[in-house]
Amino acid sequence: MKRREFIASSPVLAAAATGMVKAVYPGATEPIVMTVQGPIRPESLGTMLTHEHVLVDFIGADKVSPGRYSAEEAFNVILPFLKGLKESGCRALAECTPAFLGRDPLLLSRLSHASGLHLLTNTGYYGAANDKYIPAFAWEETADQLAERWIREWEYGIGDTGIRPGFIKIGVDSGPLSDIDSRIVQAAARAHKRTGLTIMSHTGPAAPAFEQLEILAKEGIDPSAWIWTHAQGADDFKNHFKAADAGAWIAFDGLNRRDFSRYADFLELIKKRGQLDRVLLSHDAGWYSPGEPGGGDFRGFTMLFLEFLPLLREKGMTDRDISQVMVKNPAAAFTVHTRIR
């Protein structure tokens, strides 16, 4: 499908292309989840993977470009994996590739349409990996200026696509927060105040996690607006429990077979504490890689459904528990309580 034909097939994109920049949606004051196809009601989201990728370009912010890959080839490679995911029982996926790392909202919207999955994209900048993916201008801008860039994507859509982000994706390095990482967290907090979008932060260890929670507290942001992404990178479950006590989302989102036991132990313990309603699960899989033949070695998204959830049931997790983690929690985490302009 050519880009012009695809835009014409989407009311959101067609409106943007004809000059109606600020899309207006019915029921704008009601809680919604913003997908690449537009807003849906939270209860329509269904079973969800909260941290995955369809495409990531690791070339760096100064070289990244849509011209580095064929969107048609990427579509053809990725679509079978998304169809397989839907067949396994999943209904939604948060695509966590941020700007300057290969974010492609048009590709996502086309994949969503073809696969029947709800896909979410994001706004924000990624300060992990020693800031390789921070654009040059961001080093000179204040937190307010950065926040305004992300707010504009929510209000007007990403570029000229009309597609709005469903969450704020940021990243920080694993040590003490640098100046740029702190500024990105501040910007995310201020963008959240204006948009209601949840902040998903690539974090890992506990130290930068609690530094971020301190910044959010100073900005007047409730911890429930923040997802501790890659929380499995923190060794001591006590830190996860402490963050959950505060109200943050604890995302164990790097699932692989060698960690099945640890993930299962964590879920058992946090369930005993009555905090299963603060947990998110995902693979951090996928990754069509521009520059590699055929996009490289794409890792599918079905391990959680076909292998890990059956293991949890064997260990005594009930269908109600699994629904809490895989359906209710994602809907709560990605719901936007704000007026759409």
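**Parallel strands, buried helices and the nonpolar core**

In this predicted model, strand β3 (residues 48–55), helix α3 (residues 71–87) and strand β4 (residues 92–95) form a right-handed β-α-β unit. The two strands of the unit run parallel and are paired over 3 bridges. Met48 has Ala92 of β4 as its bridge partner. Leu49 stands opposite Leu93, also in β4.

β3 has a further pairing. It is joined to strand β12 (residues 286–288) by 2 bridges, again in the parallel sense. Here His53 is matched with Gly286 of β12 as its bridge partner. The burial of β3 is complete: 8 of its 8 residues are buried, so the strand is largely enclosed by the rest of the structure.

β4 is covered on both faces. In a regular strand, side chains alternate between the two faces of the sheet. On one side of β4 lie Ala92 and Ala94, and on the other Leu93 and Glu95; all are buried. β4 also pairs with strand β5 (residues 118–120). This pairing is parallel and spans 3 bridges. Ala92 has His118 as its bridge partner in β5. Ala92 is also the partner of Met48.

A second right-handed β-α-β unit is made by β4, α4 and β5. Its helix, α4 (residues 105–115), is mostly covered, with 9 of 11 residues buried. The buried residues of α4 are Pro105, Leu106, Leu107, Leu108, Ser109, Arg110, Leu111, Ser112 and Ser115. Just after the helix, Gly116 adopts a positive phi of about 80°.

Arg110 of α4 deserves separate mention. Its relative accessible area is 13%, which is under the 20% limit, so Arg110 counts as buried. The Arg110 side chain makes a polar contact of 2.8 Å with the side chain of Glu72. Glu72 falls within the residue range of α3, 71–87.

Two other buried polar residues were examined. Glu155 lies in helix α5 (residues 143–156). Its relative accessible area is 9%, so Glu155 is classed as buried. The C-alpha atoms of Glu155 and Phe266 are 38 Å apart in space, while the two residues are 111 apart in sequence. Ser289 is in the loop between β12 and α10 (303–314). With a relative accessible area of 8%, Ser289 is buried. Leaving aside neighbours within four places in sequence, Ser289 is in contact with Val56, Gly295 and Gly296.

The largest nonpolar core contains 89 residues. Within this core, Trp150, Trp228 and Phe308 touch the most other members. Helix α6 (residues 179–195) supplies the largest share of the core, 7 residues. A second, separate core has 16 residues, among them Cys96, Ile227, Ala251 and Leu280.

The surroundings of Trp150 can be listed in full. Residues up to four places away in sequence are not counted. Trp150 then touches Thr123, Gly124, Tyr125, Ile168, Ile170, Ile184, Ala187, Ala188 and Ala191. Of these contacts, Ile184, Ala187, Ala188 and Ala191 fall within the range of α6, residues 179–195. Trp150 itself falls within the range of α5, residues 143–156.

Confidence varies along the chain. The mean pLDDT is 92, and 90% of the residues reach 70 or more. Confidence is highest in β5, at a mean of 99. Confidence is lowest in helix α2 (residues 11–17), at a mean of 38. Over residues 1–28 the pLDDT is below 50. Beyond near neighbours in sequence, that stretch has 43 contacts in the model.

Notes: Residues numbered from 1 in each chain as written. Heavy atoms only, no water. Core = buried A, V, L, I, M, F, W, Y, C linked by side-chain atoms within 4.5 Å. Buried < 20%, exposed > 50% of the residue type's maximum accessible area, 1.4 Å probe, protein only. Helix = DSSP H or I, 4+ residues; strand = E, 2+ residues; numbered from the N terminus. Contact = heavy atoms within 4.5 Å. Pairing = 2+ DSSP bridges. Right-handed = clockwise from strand over helix to strand, strands pointing away. pLDDT = per-residue confidence, 0-100. Polar contact = N/O pair within 3.5 Å; in protein donor to acceptor, adjacent residues only side chain to side chain.
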